[in-house]
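Work through the exercises below with the structure open. Try each task before reading its solution.

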Amino acid sequence: MTRKYFGTDGIRGKVGVAPITPDFVLKLGWAAGRVLARHCHGSRTRNLVIIGKDTRISGYMIESALEAGLVAAGLDVSLLGPMPTPAVAYLTRTFHAAAGIVISASHNPYDDNGIKFFSSRGTKLPDELEREIEAELDKPMQTCDSSGLGKVTRMTDAEGRYIEYCKSTFPADSNLDGLRVVVDCAHGATYKVAPAVFSELGASVIELGVEPDGFNINRDAGSTCPEALARAVLEHRADLGVALDGDGDRLICVDDSGALVDGDELLFIIAAEQQRVTGACGGVVGTLMSNLGMEVALRELGIPFARARVGDRYVLEMMDEKGWRLGGESSGHIICRDVTTTGDGIVSALKVLAAISASGQSLRALRSRVTKFPQTMINVRVARRTDIGGNPAIGDAVRAVEQALGDRGRVLLRPSGTEPVIRVMVEGHDAAQVEQHARALADVVRSAAA
């Protein structure tokens, strides 16, 4: 059964346009409640769903509709208010709840929103349960008898619980005393908890993006727009800057020179520190978009590396398949399975800060161990669906470029999952050669798709 509403990261779209409408979200809450109630029966999970959200104005509307639907299906609800996505996953686990729900569109603009589910283990909801929920959505909505309706409470100490959890992932014999850190919360879900975590561990914190008004989430701030962070690091002569996205599951850093440090470099720093401390990192999962320079740097440390499809769901699947505890994307979505079950920007930042503290080196010095390969990406708009693998002209062109690059580069062609675009990526040692090959390949793809 093909999923009608659920994508790779829940249900997401423009507010007021189906499916992000109050009537649909009400029905979704009821359908999810029916499915979760069935799975709770006879299990050790509680008849409880935990709901958190980011700072978008539409969060109030969606929260109320979800709450009503779940209660109508007989489930209890605990409301967290604005809380990071990974905090919802953590609290769902610790309360043995049937599920956790996050109302967020992550790094998207404020007029988008979405609904993302976590299982009782704090992981993405299994495909089977998503399909069951979609099947319930096709049925008429029926409210429980009054005696079976759920109840709603508000978790007043959620922030404190999550702050203490984050701090617990930092080495007990270390601290951040003397470190000057700029923290950009994107006017999003981490605006209270992130500055508290870093300052309580001893850092001197300069706060950015901590004045949400419902409309400014991710606007000229956070991990998708780190320019303001770079300026602040230089202005305040900080040791580094930390930028989170709207729901707090991604991390991008800036070193003391104002240079961007992306997810690939941060993933390497965390892996190298694990290797140093434990003697064995196990392995690292990246994606098809991970920079070849990171793979080479990991190889030099003897750390295995594998590439998953783009998307944290696929990274996590491959991590589980291989039994590895570390993975992530260039965008800064890093999963540290030794301490958490999903991407967590604050926890990932603490892993990087722990490496800085233990080594006595700056972020700039640690990231210098990765020599990133020049990478050119060209989005080719297509009028019709094109079979990339089955087109002889495209195949011949790709093989020719791969032969020219040898083992010092790579080629990736993939269709976008959200728009009529084929992404053409070429990576190699020589920037001019990479761009030339990328443009030539893009021309071939454009002609083949015409």
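**Exercise 1.** In which loop is the place of phenylalanine 215? Then classify its exposure.

Solution. The model is predicted.
- Step 1: find the flanking elements. Phenylalanine 215 sits in the loop between strand 8 (204-208) and helix 7 (227-235).
- Step 2: take its relative accessibility, 37%. Buried means under 20% and exposed means over 50%. Phenylalanine 215 therefore counts as partly exposed.
- Step 3: look for a surface patch. Phe215 joins Ile57, Tyr60 and Tyr110 in a nonpolar surface patch of about 390 Å².

**Exercise 2.** Give the strand order of the open sheet of four strands, and explain why strand 13 and strand 15 each have one side without a neighbour.

Solution.
- Step 1: read off the order. It is 13-12-14-15, and the pairing is mixed.
- Step 2: inspect the edges. Strand 13 (305-308) and strand 15 (334-336) each have a single partner strand, so one side of each lacks a neighbour in the sheet.
- Step 3: add the twist. It averages 20 degrees from one strand to the next.

**Exercise 3.** Describe how strand 12 pairs with strand 14, then place helix 8 and helix 9.

Solution.
- Step 1: check the pair. Strand 12 (residues 284-287) and strand 14 (residues 326-328) run parallel, joined by two bridges. Valine 285 is opposite glycine 327 in strand 14.
- Step 2: place helix 8 (residues 263-278). Helix 8 packs on the sheet and touches strand 12, strand 14 and strand 15. Its direction makes about 175 degrees with that of strand 14.
- Step 3: place helix 9 (residues 292-300). Helix 9 lies across strand 12 and strand 13, at about 150 degrees to strand 13.

Technical notes:
Residues are numbered from 1 along each chain as its sequence is written. This is a predicted model: local features need pLDDT of at least 70, side-chain atom pairs count only at pLDDT 80 or more; totals for chains, interfaces and linings use all residues. Side-chain values use heavy atoms; hydrogens and water are left out. Two strands pair if DSSP finds at least two bridges between them. Axes are lines fitted to C-alpha atoms, for helices over the stretch in contact, and angles run from 0 to 180 degrees between N-to-C directions. Contact means heavy atoms within 4.5 Å. Patches are made of residues with over 30% relative accessible area and no salt bridge: like charges are joined within 9 Å, nonpolar side chains (Val, Leu, Ile, Met, Phe, Trp, Tyr) within 5 Å. Accessible areas come from the Shrake-Rupley method with a 1.4 Å probe; for residues, only the protein chains shown count as cover. A salt bridge is a side-chain nitrogen of Lys or Arg within 4 Å of a carboxyl oxygen of Asp or Glu. Buried means under 20% relative accessible area, exposed over 50%, partly exposed in between (1.4 Å probe, protein chains only).
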